[in-house]
Amino acid sequence: MEAYEVFKDLAIILVAAKLFGLIARKFKTPQVVGEIIAGLIIGPSLLGWVETTDFLSEMAAIGVVLLMFTAGLETDLKDLKETGVTAFFVALMGVLTPLVFGTVMYLCFYGFDGFGTEKFLEALFIGTIMTATSVSITVQALRELGYLKGKLGTTIVSAAIIDDVMGIIVLTIVLGMKNGGSSILETLIKTLLFFVLAVGAGVIVYRLFKAYDKKYPHTRRIPIMGLAFCLVLSYVAEKYFGIADITGAYVAGVILCNMRDSEYIAEKMDINSYMLFGPVFFASIGIKTNIREFTLDILLFSVVFVIVALLSKIIGCSLVGKIAGFNWPDSLKMGVGMMTRGEVALIVSQKGLAAGMIEPVYFMAVIMLIIVSSIATPMILKSLFTKYPSPKA
């Protein structure tokens with residue numbers, strides 16, 4: 001592919017994403033829904049104007065990192081402390097419930113040969129794919145609705161980050177069952193070490209940023225250095241600790257969220273995200289999907305897969321929310337907010353394909369789950385918040 005071809009692709013994505021984003025807003029739907037539909041229309045499924053490339057995938061990766069960094073910057077640490085325990089148990093049930101439901105669903109389709117067999121491991125991996133949560137779409141929807149900074153929004157974002165870490169641990173354990181389990185302890189240690197490093201380095205970095213912010217307030221150097229810190233922590237998380245880069249980005253934002261100029265940094269990140277990286281990320285979800293490859297058997301499996309994946313998240317997370325003291329409408333919002341899937345589900349699926357845990361054909365079910373959850377979540381959230389408003393921060 002010639003280098004100049006990317007300019008055409010980007011132009012098509014930006015125009016289509018913004019056009020369908022405006023149409024979605026006209027229908028009182030979050031713009032991210034329109035951007036995803038735009039990707040589906042201009043992608044291989046329909047018009048075929050834009051194909052998935054490494055460059056677009058990397059642009060999309062930057063987009064989700066910026067989005068999670070901004071979410072971290074907009075996090076209220078006071079609310080985070082208040083929701084920490086609740087978020088942990090929401091995440092725990094948000095992992096265990098889909099894991100069990102997904103495993104049982106696969107065994108109901110293809111039979112049960114006994115624990116530890118190849119078929120059982122395949123079923124377990126299908127459940128593992130369902131554990132992944134992609135909070136980026138929920139974050140954008142909550143921001144548009146004005147509920148990102150409240151107690152409920154903070155709980156959802158915090159739970160999704162914890163869910164991501166737990167999902168990686170589950171993935172490691174399941175892959176370890178196929179490979180003899182030699183890497184399980186190593187990954188658990190790496191996960192713990194990352195957060196120890198993040199806390200230790202975070203104290204130092206925060207003090208440095210605070211001192212610099214006091215001496216040079218509201219200058220462009222501060223957002224630039226903040227972005228550099230976000231990218232470094234994202235790289236370190238993925239490269240050296242096996243933690244998803246979006247977790248590093250969110251943690252970087254949380255470290256800087258109490259700065260005087262944290263809102264100024266978030267404002268500059270929003271410009272980059274709104275202009276380029278955000279539309280590319282959300283449109284890429286639709287572009288990656290090719291519905292022409294569906295067969296009737298896989299379509300049936302995919303439909304059941306999507307239903308089980310969505311309901312299991314809602315059931316598990318909503319019940320914990322209710323037990324934690326939220327009313328039923330807010331508990332339901334929490335469950336719906338946790339049901340989105342995205343890049344983490346794709347990463348998990350790719351690792352499973354590489355390890356021989358699942359057949360390539362099941363990848364289409366994951367794509368379908370991502371599309372359906374990405375479109376349904378902001379629409380359902382908007383409906384719930386309209387009918388049952390929550391206190392805003």
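How are helix 9 and helix 11 oriented to each other? In this predicted model, helix 9 spans residues 221-241 and helix 11 spans residues 262-287, and the two pack at an angle of about 75°. Angles of 65 to 115 degrees count as roughly perpendicular, and helix 9 and helix 11 are therefore roughly perpendicular to each other. Their axes lie 9 Å apart. On the side of helix 9, the residues that meet helix 11 are Ile222, Pro223 and Leu227. Helix 11 contributes Tyr264, Ile265, Lys268 and Met269 to this meeting.

Helix 9 also holds serine 234. With a relative accessibility of 5%, serine 234 counts as buried, because the limit for that class is under 20%. When residues up to four places away in sequence are set aside, serine 234 touches Val65, Asp245, Gly248 and Ala249. The loop between helix 8 (184-215) and helix 9 contains histidine 218. Most residues other than glycine have a negative phi. Histidine 218, by contrast, has a phi near 55°, a positive value in a residue other than glycine.

These elements belong to a chain with 15 helices and zero strands. The chain has 393 residues, and 55% of them count as buried. Among the contacts with a separation of 6 or more, 80% are between residues 24 or more positions apart. One pair distant in sequence is lysine 151 and serine 390, which are 239 residues apart along the chain. In space, their C-alpha atoms are 9.4 Å apart. Lysine 151 is found in helix 7, which covers residues 151-179. A relative accessible area of 44% makes lysine 151 partly exposed, since that class lies between the 20% limit for buried and the 50% limit for exposed.

The outer surface can be considered next. The accessible surface of the chain comes to about 17,400 Å², and carbon and sulfur atoms account for 68% of this area. A nonpolar surface patch of about 1,000 Å² is formed by Val100, Phe101, Val104, Leu296, Leu299, Val303, Ile307, Leu311, Ile315, Leu319 and Trp328. Two elements give two or more residues to this patch, namely helix 4 (77-110) and helix 12 (296-323). Helix 12 gives the most, with seven residues. One of the patch residues is Ile315, which has its place in helix 12. Isoleucine 315 has a relative accessibility of 40% and so counts as partly exposed. That value meets the requirement for patch residues, which is over 30% relative accessible area.

Charged side chains form a further part of the picture. Side chains of opposite charge can pair when their charged atoms come close. The structure holds five salt bridges. One of them joins lysine 8 to glutamate 5, with the closest N and O atoms 3.6 Å apart. Both residues lie in helix 1 (residues 5-26), where they are three residues apart, about one turn of the helix. Lysine 8 also forms a salt bridge with aspartate 9, and here the closest N and O atoms are 3.8 Å apart. Glu5, Lys8 and Asp9 are thus linked in a network of salt bridges.

Which members of this network are buried, and which are partly exposed? Lysine 8 counts as partly exposed, at 41% relative accessibility. Glutamate 5 counts as partly exposed too, at 25%. Aspartate 9, in contrast, counts as buried because its relative accessibility is 4%.

Another salt bridge connects lysine 333 with aspartate 330, the closest N and O atoms being 2.9 Å apart. Lysine 333 and aspartate 330 are three residues apart in helix 13 (residues 328-337), and therefore about one helical turn separates them. Lysine 333 has 0% relative accessibility and so counts as buried. Its partner, aspartate 330, also counts as buried, at 10% relative accessibility.

Technical notes:
Residues are numbered from 1 along each chain as its sequence is written. This is a predicted model: local features need pLDDT of at least 70, side-chain atom pairs count only at pLDDT 80 or more; totals for chains, interfaces and linings use all residues. Side-chain values use heavy atoms; hydrogens and water are left out. Helices (H or I, at least four residues) and strands (E, at least two) are DSSP runs, numbered from the N terminus. Buried means under 20% relative accessible area, exposed over 50%, partly exposed in between (1.4 Å probe, protein chains only). Contact means heavy atoms within 4.5 Å. Accessible areas come from the Shrake-Rupley method with a 1.4 Å probe; for residues, only the protein chains shown count as cover. Patches are made of residues with over 30% relative accessible area and no salt bridge: like charges are joined within 9 Å, nonpolar side chains (Val, Leu, Ile, Met, Phe, Trp, Tyr) within 5 Å. A salt bridge is a side-chain nitrogen of Lys or Arg within 4 Å of a carboxyl oxygen of Asp or Glu. Axes are lines fitted to C-alpha atoms, for helices over the stretch in contact, and angles run from 0 to 180 degrees between N-to-C directions. Angles under 35 degrees count as roughly parallel, over 145 as roughly antiparallel, 65 to 115 as roughly perpendicular and the rest as oblique.
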